[in-house]
Amino acid sequence: MRLVFLGAPGVGKGTQADKVASLNGLLKISTGDLLREAVRSQTPLGLEAKSFMDQGKLVPDSVVIGLVRDKLSDPSCGKGFVLDGFPRTVPQAEELAKVLVDRKISLDRVINFQVSREDVVKRLTGRRSCQKCPATFHLDFAPSKVSGICDRCGGPLIQRSDDQREAIETRLRVYDEQTAPLISFYEKQGLLSNLDGSGSVETVSQNLTKVLATRKTA
Ligand code: AP5
Ligand code: MG
C-alpha cells in the first residue's frame, strides 16, 4: 500500500498515519517529523528549516524532496509507505512522481482529509507535542496519562512554536494557496479519495479503513 495523506494543518494526518502504518506494517514518512528531528539535532538542514517552520511557512521544496528521496530508498519501505504532509506543493508532487517512476512503483491512493476550520483550530491550539520524540497529544481529545509527560518516552510535553495563533493563521493561508491545488492535481489522476476527518480518532480510523477498502474514486 502506497499512500499520501493530504489535508490542512491539524486535520489528523499524523494521528491516522501512525495507526494505518502500524496496522499494515507501512513506513510512515512525515516531512514535519523529519524536519523537527533535524531542528532538534541542529543539523545544517535543521538550522535552515527552523525559521520557516516557526513562522508557519513552507521549507524550500529542494530540502524536503531530498529528505523524502532518502526515505523512499529505505528497505523498510518494502511493504509500502504513508506520506504524511508531503507533497505540499505542485513541484513537490511532480518530483515525487519522478522518484516513483525511477523506482518502478506508483501511488495507490491519496487521502484528502476534510475537517472544518473551527475544529482544526481547536485541535491545533490544544495539541501538546513531546520535546524528545514524535508523539503528540491533545489537552481535551487525547490527553497524556500524566499531565505534561509523554506516555511513549517520558519526555516533557510542549506546545509547538507553530501551534501559536499567528503561525496557525499563516499555515492555513499557506495551505489554501500552495497545497490545496494538489486536490485537483490528484483528482485528475484518479487517485483522490475524500475522507470525513471530523469525529473521534476512532471514528475517523474506521472511516479510513472503509475508504481504503473501496475502489478508487472520490
Ligand atoms: P507538519 O508537521 O506536517 O504540520 P501540518 O501539516 O501543519 O500538520 P500538523 O502536524 O499540524 O497536523 P496533522 O494533520 O498531522 O494533525 P495531528 O494528527 O497532529 O509540518 C510542520 C511544518 O514543517 C510546516 O509548517 C512546514 O514549515 C514544514 N514542512 C513539513 N512538510 C513540508 C513539506 N512537504 N514542504 C515544505 N515544508 C514542510 O492532529 C492535530 C491535533 O488534533 C493533535 O493534538 C491530535 O491529538 C488531535 N486529533 C487528531 N485527530 C483527532 C480527532 N479525530 N478528534 C479530535 N482530536 C484529534
Ligand atoms: Mg502532523
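**Entry 1: helix α9**

I began with the buried residues of α9, which pack against β1, α1 (13-24), β4 and β8. A note to myself: this is a predicted model.

Which residues of α9 are buried? I found Val204, Ser205, Leu208 and Val211. I then looked down the axis of α9. The buried residues fall within an arc of 120°, so they line one face of the helix.

Next I turned to the face of α9 that points away from the buried side. Lys210 and Ala213 are the exposed residues there.

I also checked the length of α9. The helix has 13 residues, and at 1.5 Å a residue these should span 18 Å. The end C-alpha atoms are 18 Å apart, which agrees.

**Entry 2: the sheet**

I looked up the order of the strands. Five strands form an open sheet, and the order is β2-β3-β1-β4-β8. The pairing is parallel. Which strands sit at the edges? They are β2 (27-30) and β8 (192-196), and each of them pairs on one side only. I noted the turn between neighbours too. On average, neighbouring strands of this sheet are turned by 20° against each other, direction ignored.

Then I went back to α9, now as residues 201-213. This helix packs on the sheet and touches β1 (2-6), β4 (109-114) and β8. The direction of α9 makes about 155° with that of β8.

**Entry 3: pairs of strands**

I took β2 and β3 next. Strand β3 covers residues 81-84 and pairs with β2 in the parallel sense over four bridges. For Lys28, the bridge partner in β3 is Val82.

I moved on to β1. How many bridges join β1 to β3? There are four, and the two strands run parallel. In β3, Leu83 stands opposite Val4.

I did the same for β1 and β4. These strands also pair in the parallel sense, over four bridges. Leu3 has Arg109 as its bridge partner in β4.

Why do I call β1 largely enclosed by the rest of the structure? Four of its five residues are buried, so the strand earns that description.

A reminder for reading strands: in a regular strand the side chains alternate between the two faces of the sheet.

**Entry 4: Gln16**

I picked one residue of helix α1, and that was Gln16. Is Gln16 buried or exposed? The relative accessible area of Gln16 is 3%, so this residue is buried.

I listed the contacts of Gln16, leaving aside neighbours within four places in sequence. The list holds Phe5, Phe113, Val201, Val204, Ser205 and Leu208. Three names here were familiar from my first entry: Val204, Ser205 and Leu208 are buried residues of α9.

I also took one distance. Leu100 is 84 residues from Gln16 in sequence. In space the two are 23 Å apart, C-alpha to C-alpha.

**Entry 5: salt bridges**

I refreshed the idea before searching. Side chains of opposite charge can pair when their charged atoms come close. The count for this model comes to 14 salt bridges. I looked at some of them.

I started with Lys28, which I had met in β2. Lys28 forms a salt bridge with Asp33, and the closest N and O atoms are 3.3 Å apart. How accessible are the two residues? Lys28 has 21% relative accessibility, so I class Lys28 as partly exposed. Asp33 has 19%, so Asp33 counts as buried. The cut-off for buried is under 20%, so these two residues fall on opposite sides of it.

Then I took Arg127 and Asp163. Their closest N and O atoms are 2.9 Å apart, and they form a salt bridge. Where do the two residues lie? Arg127 is in strand β5 (residues 127-130), while Asp163 is in the loop between β7 (157-158) and α7 (165-179). The pair therefore ties together parts that are 36 residues apart in sequence. Arg127 is buried at 15% relative accessibility. Asp163 is buried too, with a relative accessible area of 1%.

My last pair was Asp162 and Arg160. Their side chains meet in a salt bridge of 2.9 Å, N to O. Asp162 counts as buried at 10% relative accessibility, and Arg160 counts as buried at 13%.

Which residues are joined into one network? Salt bridges that share partners link Arg127, Arg160, Asp162, Asp163 and Arg171.

Technical notes. Residues are numbered from 1 along each chain as its sequence is written. Chains are lettered from A and ligands numbered from 1 in the order in which they are written. This is a predicted model: local features need pLDDT of at least 70, side-chain atom pairs count only at pLDDT 80 or more; totals for chains, interfaces and linings use all residues. Side-chain values use heavy atoms; hydrogens and water are left out. A salt bridge is a side-chain nitrogen of Lys or Arg within 4 Å of a carboxyl oxygen of Asp or Glu. Buried means under 20% relative accessible area, exposed over 50%, partly exposed in between (1.4 Å probe, protein chains only). Two strands pair if DSSP finds at least two bridges between them. Axes are lines fitted to C-alpha atoms, for helices over the stretch in contact, and angles run from 0 to 180 degrees between N-to-C directions. Contact means heavy atoms within 4.5 Å. The expected span of a helix is 1.5 Å times one less than its number of residues. The arc is that of the directions from the helix axis to the C-beta atoms.
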